[in-house]
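The report that follows takes up the contact between chains, then the enclosed spaces, and finally some details of the backbone.

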Amino acid sequence: MFTELNSILNTSPDSFTQGEFILVSDRQSDASFLIHHFLSFYLRARCKVCFLGLAQSFCHYGAVSQRLGVSLTQAKEKGQLVFFEGLKECLSVLLPKENNAESGAMNFLRDPPVGLRSLYEFVRSSVIGSGSMEEGAEQWGPNVLLVDDLSVLLSLGVDVGAVLDFSHYCRALVCSQIQGNMVMLVRCNEEEDDDDGDEGSEVLLKGLIHQCNLNLHVQGLPTGYCKDIHGQMEVCWKRRQGDAPHMQKNLFQYKVHDKGASFFARGTSSAVL
Amino acid sequence: MAAPMNSVGKTSADRLQANCTSFQKKTRSKLISIPGTRPSVQNGQLLVSTGVTSLDYLLGGGLAVGTVLLIEEDRFDSYSRMILKYFLAEGVVCQHELFVATAQDNPDEILQELPAPILDDVAVPKPVEQPRPTGEPQDSLDAMTIAWRYQNLPKVQSALASSSRFGHYYDVSKTMEAEIRQAAKCHRFYLPDHITPSSAAHSARVESYSALLKSLQEVIHREGFDLATPMSKSRNILRVGLHSLGSALWGDDLCCHDKPRHSHALTTFLYGLRALLRSSLSVAVVTLPSHLIQDRALMGNITRLCDNAIALESFKGSERETNPLYKDYHGLLFVRQVPHLNCLARQLPDHKDLAFKLKRKQFTIERLHLPPDLSDTASRVSRGEPVGVASACGSGASGTKNLDF
């Protein structure tokens, strides 16, 4: 986990608000480093994590988490982490064999209009079904759902409405019903006004921003490419205090390095000063 | 910062067998050396050479095993096809196995056009021009008197190259001899052999991609490239070359319509390809005629599903071909995406304005460096065309030597 990001968000593994939906979004950039941060953060906070890793393989997440100080294989063995590896499951659907048992969570690959119902059932069973496990198992903290990333589902042919339904169902289950947290990553392309080809991801982004409590939006620098500053991140809180919800926005620039990421106010990068 | 390979020795050795991907860092005891590969100095990835040393440098030392390189074709598919041939030729020289899939030309035609390797030059590295370190005292002749603030900056190093050699050089004017070529094992996938046109036209999905994926998986399983098979026998790398994916000849209408019917067929295929590659010792190069795809968002999706992505734009046929500014180069090269594999940081290129040139013995990628135009006639017009008149008031003199006032 990134210590600077923890201080920006006013959280720590010992104390964080529950029932939150954190949306990580990016435009023409790659915000997956934030997913690695949240994964190691919640594993350190001894939460029970359900991770839908659709974009990369398990070894990739494991290697990055190792550098951040958390072992995914150990967490999986202890039962703290339920990992869904999209790449492995998809092969059993795309290239079916007779004696191959598939979990069925990626049914939408065979028939996109079916929607993400089976994926939601997988999430539900891993989040709720664990409550009645053996008594000798360790007690973990609140449940957390991490999704990396939703745009892969759009690329695989799932309808935008189905993805929004899926996120809504997961939010109702994880955030409201069992007071856990949810972190989702969605990736967009460049904004174009007269473009009706990318309606999908723009609609998805707007719908998710409406549903979330905290939005971390990652973009490239508006002034162009720089090797030392990898981009800017906008943090947007939606607090519902009292009657009027108010929004608070902060803008930071960041640089990703081997063992983490550093965040700083605009113009205060060490490369510049 | 560099992560040396033997420092990760904490991982147990038997993780190599069970359901792991090709990104598993190999521990010291189980270090298998596959000819033609080397570990990356940055993060311990197993790398292969693409056949073009400048491209290897751009990609951070080479192409990582288990990843996909997407090449967006130039307009006439000349240079992207050349890079694909370099990639396959490098595989022949390193004794890797090849898998070539095409829909347009027979794979044998591509294989017969592979450039001949220059095997004498392997041992001799080319001298690389190093930038002058800043602390060195300059010669008095070189000392700048006017622009002295720029004195200590390093000289512009245009050529992209690293100090250690990896990969071979090829002579483009000759084709590879048949004996060398036939020594390498090559699997072919020629689409018209697998799909009859009538069945493809009426299907709801694009069958060609699933046939290709199935064929690739069969080859991987049969020849033992899968990581799940035990490590007893010697391992090799499978190089996959997919030519002009997404074009109409694959049965896909991405390049024909603004709103294609099967807009997700290619992205689903690329997802399946990524799944296959991550779980085997293979590496893929895919060329795609992106200039035919109108939907930029779809291009963004395709790029995100591949790991490395570059785009080529050749000057042939455009007005830049005759522009003296670009006379040293054959085209521009754009780096669209660089992956981060097994680590947080990615190896970003230093500069984003790159140009390439295909010489007889080398395909060079250089930083596009436009020197200042020091000719007498270049006053204000920077287009490089000969400046006709430095117009004196009143007279329409065509020469610049005799200005009458």
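A salt bridge is here a side-chain nitrogen of Lys or Arg within 4 Å of a carboxyl oxygen of Asp or Glu. The model to which this criterion is applied is predicted. Across the interface of chain A and chain B the criterion is met by two salt bridges, and in one of them the side chains of Asp30(A) and Arg346(B) come together with an N to O distance of 2.3 Å.

**The interface**

Polar contacts across the interface of chain A and chain B amount to 13 residue pairs, with both residues at pLDDT 80 or more. On the side of chain A that touches chain B, two or more residues are given by each of helix 2 (32–44), helix 3 (58–67), helix 5 (86–94), helix 7 (150–155), strand 5 (181–188) and strand 8 (245–257) of chain A. Helix 5 of chain A provides the largest share of that side, with six residues. Sorted by class, the side of chain A that touches chain B comprises 21 nonpolar, 15 polar and twelve charged residues.

The contact involves 48 residues from chain A and 44 residues from chain B. The size of an interface is often expressed as the accessible area lost when the parts come together. For chain A and chain B the buried area is about 3,800 Å², and carbon and sulfur atoms give 58% of it. Within chain A, the residues that lose the most area to chain B are Leu95(A), Ser155(A) and Tyr225(A), which together account for 16% of what that side buries.

**Cavities**

Where empty space is left can be shown by rolling a probe the size of a water molecule over the atoms. A search of the whole structure yields six cavities of 30 Å³ or more, and the table describes two of them, the largest and the second largest.

| Cavity | Volume | Lining by class |
|---|---|---|
| Largest | about 150 Å³ | nine nonpolar, nine polar, one charged |
| Second largest | about 80 Å³ | seven nonpolar, five polar, one charged |

The largest cavity, with a volume of about 150 Å³, is lined by 19 residues, of which Leu59(B), Ala64(B), Pro339(B), Leu341(B) and Gln347(B) are the closest to its centre. The second largest cavity holds about 80 Å³ of space, and of its 13 lining residues the closest to the centre are Thr11(A), Ile22(A), Phe38(A), Phe41(A) and Tyr42(A). Helix 1 (3–9) and helix 2 of chain A each supply at least two residues of this second lining, with helix 2 of chain A giving the largest share, four residues.

**Salt bridges and backbone**

Over all chains the structure holds 20 salt bridges. One of them joins Lys249(A) to Glu234(A), whose closest N and O atoms are 3.5 Å apart. Because Lys249(A) belongs to strand 8 and Glu234(A) to strand 7 (residues 231–240) of chain A, the pair ties together parts that are 15 residues apart in sequence.

Most residues other than glycine have a negative phi, and most peptide bonds are trans. The peptide bond from Asp148(A) to Asp149(A), however, is cis, with omega near -15 degrees, and Asp149(A) is placed in the loop between strand 4 (143–148) and helix 7 of chain A. Asn10(A), a residue other than glycine, has a positive phi near 60 degrees, and its position is in the loop between helix 1 and strand 1 (21–27) of chain A.

Notes:
Residues are numbered from 1 along each chain as its sequence is written. Chains are lettered from A and ligands numbered from 1 in the order in which they are written. This is a predicted model: local features need pLDDT of at least 70, side-chain atom pairs count only at pLDDT 80 or more; totals for chains, interfaces and linings use all residues. Side-chain values use heavy atoms; hydrogens and water are left out. Contact means heavy atoms within 4.5 Å. Buried area is the accessible area (1.4 Å probe) that two parts lose on being put together, summed over both. A polar contact is a pair of N or O atoms within 3.5 Å; within protein, one must be able to donate a hydrogen and the other to accept it, and residues adjacent in sequence count only if both atoms are side-chain atoms. Ala, Val, Leu, Ile, Met, Phe, Trp, Tyr, Cys and Pro count as nonpolar, Asp, Glu, Lys and Arg as charged, and the others, Gly among them, as polar. On a 1 Å grid over the protein atoms alone, a cavity is a set of points where a 1.4 Å probe fits but cannot get out, and a pocket is an open set with protein on both sides within 12 Å along at least five of seven lines; lining residues have an atom within 4 Å of a point. Grid points are joined across faces, edges and corners, and a volume is the space filled by probe spheres set on the points.
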